[in-house]
Amino acid sequence: MQFVADVDLTTKNTLAVPSRCDWFCAPENMDDIFEAIGWAKKRAQKINILGGGSNLLLAEKISGLVIQPKIKGIDILAEEYGDVLIRVGAGEIWEDLVNWAEQNSLSGIENLTLIPGTVGAAPIQNIGAYGCELKDVFEQLTAINLESGAVDIFDREGCRFAYRESIFKRELDQKYIITHVVLRLSRSPKLNLSYPALANAFVDRDISQIGSKEVLSAIRQIRQTKLPDPKVIPNAGSFFQNPVISQLQYEQLKAEYPLMPCYHQPNRQVKIPAGWLIEQAGWRGRQKNGIKIHERQALVLTNPEGCSVDVIYSVARQIQSDVQGLFSIHLDIEPRYIS
């Protein structure tokens, strides 16, 4: 395995943020990862983990060693009562896994199609879309402790999944390298049509006659009409998390903004679409300092001019300030920051 000095990471992040790292390697198996950890320890180099670069903000200069796992493989571990356990290498592209599931007539992740990134990064963010989240099909993952070198197994409870959250995004951030993920898929369709746009696509259909492939196709059509392809227009997908507020605050805002969309949550909480809030604050389609808010989805910040992470953060803070001033709601930034 090669350790390459002074690597340009601009093309390794979907926001096209200009960034370089001191050292870079791309391990293809467990032994390679152990070698990389030992290499970094011997030279007192800090380790940062890079997945597909789709939900990250990179510093202009990243010190130490950047490891981008390239472990491949999709294997069926077991089948039981119509459920299929599959083990997937962290380096597999998520959309390739979705396609594999479709080709093998397996249901469970069709709602998560066209989410950029790798399988190893998916649990960190607890990726989600159109009413589904990774945790809904998650069984366990294998990860290597960067400090001790121990190989640990994390089940769903151990991952502490929440909305766009996991233990790997907080307490264990950059402390483990995820190597494999085990998911529980199904031979029979387990459809989730709760998302309004998706429900509308099948409004006149008998749900018992709808297959996973039809749902997959419908979601792809919806996403492609709303969201820009990061290969064409640099972006990190949803830049802000949908805020969750109290029922009382929602009712107060609803009185002033009757058309405010919402999704009711447990414990008398309400999720508000961040894109709607940003649009109401006047940011949809707006360009500022080289950063453009997508004209079809205000939740997406694009970086067509390849601006620095500092410029991106400055525009994001202005959006946060405007939404806070208008609605008294704070927007959390979704992509993680690596320095």
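Colleague: In which loop is the place of A16?

Modeller: Residues are numbered from 1 along each chain as its sequence is written. Because this is a predicted model, local features need pLDDT of at least 70 and side-chain atom pairs count only at pLDDT 80 or more, while totals for chains, interfaces and linings use all residues, and side-chain values use heavy atoms, with hydrogens and water left out. Strands (E, at least two residues) and helices (H or I, at least four) are DSSP runs numbered from the N terminus, and A16 has its place in the loop between β1 (4–8) and β2 (20–25).

Colleague: Why does A16 count as buried or exposed?

Modeller: A16 is a residue other than glycine with a positive phi, near 55°. Buried means under 20% relative accessible area, exposed over 50% and partly exposed in between, with a 1.4 Å probe and protein chains only. A16 therefore counts as buried, its relative accessibility being 18%.

Colleague: What is the relative accessibility of Y81?

Modeller: Y81 lies in the loop between β6 and β7, and although Y81 is not a glycine, its phi is positive, at about 50°. Y81 counts as exposed because its relative accessibility is 88%.

Colleague: Which backbone oxygen does the side chain of Q68 reach?

Modeller: Q68 lies in the loop between β5 (61–67) and β6 (74–80), and because its relative accessible area is 7%, Q68 is buried. Leaving out residues up to four places away in sequence, Q68 touches (contact means heavy atoms within 4.5 Å) K12, F24, C25, A26, P27, L50 and G51. At 2.7 Å, the side chain of Q68 reaches the backbone oxygen of G51.

Colleague: Which residues does R220 touch, not counting residues up to four places away in sequence?

Modeller: R220 has its place in helix α6, and since its relative accessibility is 18%, R220 counts as buried. Not counting residues up to four places away in sequence, the residues that R220 touches are E95, V98, N99, E102, T113 and L114.

Colleague: In the open sheet of five strands, which are the edge strands?

Modeller: Two strands pair if DSSP finds at least two bridges between them, and the order of this open sheet is β6-β7-β12-β10-β11, with antiparallel pairing. The edge strands each pair on one side only, and they are β6 and β11 (151–155).

Colleague: Which residue in β12 stands opposite I86?

Modeller: Strand β7 (residues 83–89) runs antiparallel to strand β12 (residues 176–186), and seven bridges join them. Opposite I86, in β12, stands L183.

Colleague: What angle does helix α1 make with β10?

Modeller: Helix α1 (residues 30–42) packs on the five-stranded sheet and touches β10 (138–145), β11 and β12. Axes are lines fitted to C-alpha atoms, for helices over the stretch in contact, and angles run from 0 to 180 degrees between N-to-C directions. On that basis, the direction of helix α1 and that of β10 make an angle of about 40°.

Colleague: Which residue in β19 stands opposite S238?

Modeller: An open sheet of four strands has the order β13-β19-β18-β17 with antiparallel pairing, and its edge strands, each pairing on one side only, are β13 (235–238) and β17 (287–288). Over two bridges, β13 pairs in the antiparallel sense with strand β19 (residues 300–302). In β19, the residue opposite S238 is V300.

Colleague: Which helix lies across β17, β18 and β19?

Modeller: This helix covers residues 309–327 and runs at about 40° to β18 (291–293). The helix lying across β17, β18 and β19 is α9.

How values were computed:
Polar contact = N/O pair within 3.5 Å; in protein donor to acceptor, adjacent residues only side chain to side chain.
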